[in-house]
Amino acid sequence: SYSKTNRIDEAIKLQEEALDILKEAYLKDKDRWLGDYSLILNNLAGSYSKTNRIDEAIKLQEEALDILKEAYLKDKDRWLGYYSTSLNNLALSYSKTNRIDEAIKLQEEALDILKEAYLKDKDRWLGDYSLILNNLAGSYSKTNRIDEAIKLQEEALDILKEAYLKDKDRWLGYYSTSLNNLALSYSKTNR
């Protein structure tokens, strides 16, 4: 894809065209096009973020979150993945603009949702759950809530270690990132 070959400007043009098309389709048939429309909102926001157009990214992510929240509240099983991803994406953008308290609020909501999903189906939700544990820990660390950060990072590491030992190729990236995150937090507390 263009965004992975440093052709980000070309990627953005294509994504903006897709957004225009999907917005029109979504407005005509929201149930049919919600998933695609929210996905392009988040993908274009990601591209904007890569080019330091963070305010534009946030606007798109807020729109995606608004429409997905309504869908999620109507059908949690169907929209959980989309909604939790949108919460996390917007939280990361808020964090980049020093809106850390808003980021934490979104991440805590995502954590609550994903913890419940993870406890019901560990294989399906392990990646998402461990990611939000680490992301929220990072936000806590930025606000000097290091003990809370460490607790989340230790939980992420525990569950990822088990998964890594069962399937090293699949979980290597998640596990090594969790090891590093926890090591950095320990170093902040002279452990």
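Angles under 35 degrees between helix axes count as roughly parallel, and those over 145 degrees as roughly antiparallel. In the predicted model considered here, the axes of α2 and α4 come within 11 Å of each other and cross at roughly 20°, and α2 and α4 are therefore roughly parallel to each other. The crossing of this pair, α2 with α4, is left-handed. On the α2 side the residues that meet the partner helix are D31, L34, G35, S38, N42 and S49, and their counterparts in α4 are R78, W79, Y82, S86, N89 and K96. When the residues of this contact between α2 and α4 are sorted by class, three are nonpolar, six are polar and three are charged.

The packing of α4 with α5 can be described in the same terms. The axes of α4 and α5 come within 8 Å and cross at roughly 155°, an angle that makes α4 roughly antiparallel to α5. The crossing of α4 and α5 is left-handed. From α4, the contact is made by L80, Y83, S84, L87, N88, L90, A91, L92, Y94 and S95, and from α5 by I100, E102, A103, L106, Q107, E109, A110, I113, L114 and A117. By class, the contact of α4 with α5 has 14 nonpolar, four polar and two charged residues.

The loop between α4 and α5 holds N98, which is exposed, with a relative accessible area of 72%. The backbone at N98 has a positive phi of about 60°, although the residue is not a glycine. Most residues other than glycine have a negative phi. The C-alpha atom of N98 is separated by 24 Å from that of D128, a residue 30 positions apart from N98 along the chain. A positive phi of about 60° is also found at N144, again in a residue that is not a glycine. The place of N144 is in the loop between α6 and α7, and N144 is exposed, with a relative accessible area of 70%.

The residue D128, used above as a distance partner of N98, belongs to the α6 side of the contact between α5 and α6. These two helices, α5 and α6, pack at an angle of about 155°, with their axes 8 Å apart, and are therefore roughly antiparallel to each other. In passing α6, α5 makes a left-handed crossing. The α5 side of the contact consists of I100, I104, Q107, E108, A110, L111, L114, K115, A117, Y118 and K120, while α6 contributes K122, W125, L126, D128, Y129, I132, L133, N135, L136, S139, Y140 and K142. The classes represented in the contact of α5 with α6 are 14 nonpolar, three polar and six charged residues.

Also in helix α6 is N134, which at 10% relative accessibility counts as buried. Once neighbours within four places in sequence are left aside, N134 is in contact with Q153, A156, S178 and N181. For one of these partners, Q153, which lies 19 residues apart from N134 along the chain, the separation between the C-alpha atoms is 5.8 Å.

The largest nonpolar core contains 60 residues, of which Y37 and Y129 touch the most other members. At least two residues of this core are supplied by each of the helices α1 (8-28), α2 (30-50), α3 (54-74), α4 (76-96), α5 (100-120), α6 (122-142), α7 (146-166) and α8 (168-188). Of the two tyrosines named, Y129 also takes part in the contact of α6 with α5, whereas Y37 lies in helix α2. The side of Y37 available to solvent is slight in the computed values: Y37 is buried, with a relative accessible area of 1%. Leaving aside residues up to four places away in sequence, Y37 touches L19, L22, K23, Y26, E63 and I67. Between Y37 and A71, which are 34 residues apart along the chain, the separation of the C-alpha atoms is 13 Å.

Key:
Residues are numbered from 1 along each chain as its sequence is written. This is a predicted model: local features need pLDDT of at least 70, side-chain atom pairs count only at pLDDT 80 or more; totals for chains, interfaces and linings use all residues. Side-chain values use heavy atoms; hydrogens and water are left out. A nonpolar core is a set of buried Ala, Val, Leu, Ile, Met, Phe, Trp, Tyr and Cys residues joined through side-chain atoms within 4.5 Å. Buried means under 20% relative accessible area, exposed over 50%, partly exposed in between (1.4 Å probe, protein chains only). Helices (H or I, at least four residues) and strands (E, at least two) are DSSP runs, numbered from the N terminus. Axes are lines fitted to C-alpha atoms, for helices over the stretch in contact, and angles run from 0 to 180 degrees between N-to-C directions. Angles under 35 degrees count as roughly parallel, over 145 as roughly antiparallel, 65 to 115 as roughly perpendicular and the rest as oblique. A crossing is left-handed if the near helix is turned anticlockwise from the far one by less than a right angle, and right-handed if clockwise. Contact means heavy atoms within 4.5 Å. Ala, Val, Leu, Ile, Met, Phe, Trp, Tyr, Cys and Pro count as nonpolar, Asp, Glu, Lys and Arg as charged, and the others, Gly among them, as polar.
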